[in-house]
Structures are given as C-alpha cells and as structure tokens.
Amino acid sequence: MYGAFYKRTYRCLLDRGEFSAFRIYPSKTREHEKLDEFLDVPYFIESPDGVYGNVTMQEVYVCPTCGFASNDDGFFEGESQYEQTLELSSREITFLLTAREARLDVLARMTRMYECPRTLDDALISLELGVMCSQTLYEMETIRFSIETLRIANYSLKAARLCRENNRPGTELEWLFKALGWLNKALESGIKGLARFRMLYQLLALGIMVGENKLASTAYMRLSELAKEEEHPDLSRYVNRAKGVWGERRELYDEMCPELLK
Ligand SMILES: [Zn+2]
C-alpha cells in the first residue's frame, strides 16, 4: 500500500502529540539506498517497478501539535515500550516548547505531511523544521547536543539533493551554503572519531563544489594532520578520497552539474 514503507504511530516527547510516520522495511533499504560519493550523503531511488522508496522524503518525524521534528526516533515514543527514548529534563522540554510558534508557522505551509509519499515541498518543510529543532537543541546545550551541528549539515545536504533531483538549482545552492556553514561550525564542536573524519571530508568536498576553496583547504589540512596523529581504517579511507577530490578540484563537480554555479 505504501510501497517499501510501513506505517507506525509515534508520540512526541515534548507535548505527547500523536501522529503517523512511515518507515522503510529494513529488507528494502538496500534496494533503494545509494551513496552520493562526492558529498558522502546517502540518497534513495524508486525501484524500476515504480515502487516508492525515497526515505529522504519521509525520514524526518514531525509532531503535528508542536512542530518538533527530527530523524532521531529517540525524541519520539513508538508503539513498543522497549524502544529507547531520550531523557529530557522539564527545563529542556520547556525551552524546546518556547520555540513552538515559529515551528508551527512553518508547518502551516504543509499539504500532506502525514501521508506517504510526501510532496517535495512537504519533504523540504520537514527538513527545514528538522534544522530549526536541531539548532534549538544545540543552542540550548552546545556540548550535550554538539552532534546536532552535523545533523543540520546533513539535513541540508539531503534537501539540496532533493532540489537537484527536482531541478531547483537556486534553492539547491541555498541549502548547500547552509550545509557549509554548519560543517564549519561543527569543526570547533569537539566531535571526534568517524563523525569528525566524515565532517572534514564533507567540508572539503562541499567547499570545492561551491568555490569556497579556503574552507576546503582548511578541511584538507585538518584531515592530513589527523592522519599523522591517529590510525584508523575509516580515517585512511576518507584521506584517500580527499586526496582524489583535492587533486581533481572542482572541475569534477562542474562536470556533474555545470548549470548550478553559473
Ligand atoms: Zn510535539
């Protein structure tokens, strides 16, 4: 009925708002998931038989009564009592609810957010709300929620991808610059390990893509310094990819999407 998806009911941790969301069957993920290797972002395709499978359009949960939105299901209670939800203090809940009006103004633009598939505009609204909520979380507690900087960057890269697939180059560029700004902010957030390796690679690739060569070179230097300090198979993989991308510079992207930067 919903292609590769099944329907579930969730409740928001902030105000108990209840809504339906659509998750992809785990067995179907491999059929639909691809990787944008240049930006290291997953994206999804419909299967050749036309069965809908674009997770990016559905992955952000949106509470209908307070507009809280995230792709982290830890913020929402599912049907099973065994699922792990985040512990939020009453002070944190109050803080998150104070930004409700601004979120509801954005949500008011939706047409069929709680159906499957969402429209492109609804999908972009869900990502916009996800960005707003991650920003609120990060501004509330920058250390506890430092990972939200990367979540925002990746929401933005996914939104940019949707815009590219639907031929909206102006909006794509806005989302790419938003991603660049948050990746740059994440540099100083103390995030370590695989998430940091990936962030540095994405900053390099995106910097080259939009012509911010200084940021790209900073990311390349930081990645090279890390490689001198620690050894990790994932780090080596990202360093090698960075060398390849850095070598080819932005001509690679000019070939992929020449109309974007005119
Ligand atoms: Zn809510």
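A residue is called buried if 20 or more other C-beta atoms lie within 10 Å of its own. I open with that cut-off since the first residue I wish to discuss depends on it. The structure before you is a predicted model.

Let us begin with Leu-150, which belongs to helix α6. Is Leu-150 buried or exposed? It has 21 other C-beta atoms within 10 Å, and therefore it is buried. Leaving aside residues up to four places away in sequence, Leu-150 touches Ala-186, Ile-191, Ala-195 and Met-199. A further relation concerns Ser-189: this residue stands 39 residues from Leu-150 along the chain, and the two C-alpha atoms are separated by 9.7 Å.

I turn now to the helices. Two packed helices are described by the angle between their axes and the distance between the axes. For helix α6, residues 147-165, and helix α7, the angle is about 165° and the axes lie 8 Å apart. Angles over 145 degrees count as roughly antiparallel, so α6 is roughly antiparallel to α7. The crossing of α6 past α7 is left-handed.

Which residues of α6 and α7 meet? On the α6 side they are Thr-149, Leu-150, Ile-152, Ala-153, Ser-156, Leu-157, Ala-159, Ala-160, Cys-163 and Arg-164. On the α7 side they are Thr-171, Glu-172, Trp-175, Leu-176, Lys-178, Ala-179, Trp-182, Leu-183, Lys-185 and Ala-186. Sorted by class, this contact of α6 with α7 comprises 13 nonpolar, 3 polar and 4 charged residues. Leu-150 thus appears again, as one of the α6 residues that meet α7.

The next pair joins helix α7, residues 169-186, with helix α8, residues 194-210. Their axes come within 10 Å and cross at roughly 140°. The two helices are therefore oblique to each other. Here too the handedness can be stated: α7 passes α8 in a left-handed crossing.

From α7, the residues in this contact are Leu-176, Phe-177, Ala-179, Leu-180, Leu-183, Asn-184 and Ala-186. Their counterparts in α8 are Met-199, Gln-202, Leu-203, Leu-206, Gly-207, Met-209 and Val-210. The contact of α7 with α8 contains 11 nonpolar and 3 polar residues, and no charged ones.

I come next to the strands. Strands of a sheet pair through backbone hydrogen bonds, either parallel or antiparallel. In what order do the strands of the open sheet of 3 strands stand? The order is β2-β1-β7, and the pairing is antiparallel. The edges are formed by β2, residues 18-24, and β7, residues 76-77, each of which pairs on one side only. Strand β1, residues 5-12, runs antiparallel to β7 and is joined to β7 by 2 bridges. Within β7, Glu-77 is the residue that stands opposite Arg-11.

A second strand pairing involves β3, residues 33-36, and β4, residues 41-44. These strands are antiparallel and share 4 bridges. One partnership to note is that of Leu-35 with Pro-42 in β4. The hairpin has 4 residues between its strands.

That hairpin leads to my last topic, the backbone. Most residues other than glycine have a negative phi, and most peptide bonds are trans. Asp-40, in the loop between β3 and β4, has a positive phi of about 55° although it is not a glycine. With 18 C-beta neighbours inside 10 Å, Asp-40 counts as partly exposed.

Where is Asn-167 placed? Its place is in the loop between α6 and α7. Asn-167 is likewise a residue other than glycine with a positive phi, near 55°. Asn-167 has 8 C-beta neighbours inside 10 Å and so counts as exposed.

Finally, what kind of peptide bond joins Cys-116 and Pro-117? The bond is cis, with omega at about 0°. Pro-117 is found in the loop between α4, residues 100-107, and α5, residues 120-140.

To close, I return to the opening residue: Leu-150 in helix α6 is buried, whereas Asn-167 in the loop between α6 and α7 is exposed.

Note on methods:
Residues numbered from 1 in each chain as written. Predicted model: local features only at pLDDT ≥ 70, side-chain atom pairs only at ≥ 80, totals over all residues. Pairing = 2+ DSSP bridges. Axes fitted to C-alpha atoms, helices over the stretch in contact; angles between N-to-C directions. Parallel < 35°, antiparallel > 145°, perpendicular 65-115°, else oblique. Left-handed = near helix turned anticlockwise from the far one by under 90°. Contact = placed C-beta atoms within 7 Å. Nonpolar A, V, L, I, M, F, W, Y, C, P; charged D, E, K, R; others polar. Buried ≥ 20, exposed ≤ 12 C-beta atoms within 10 Å, placed from the backbone.
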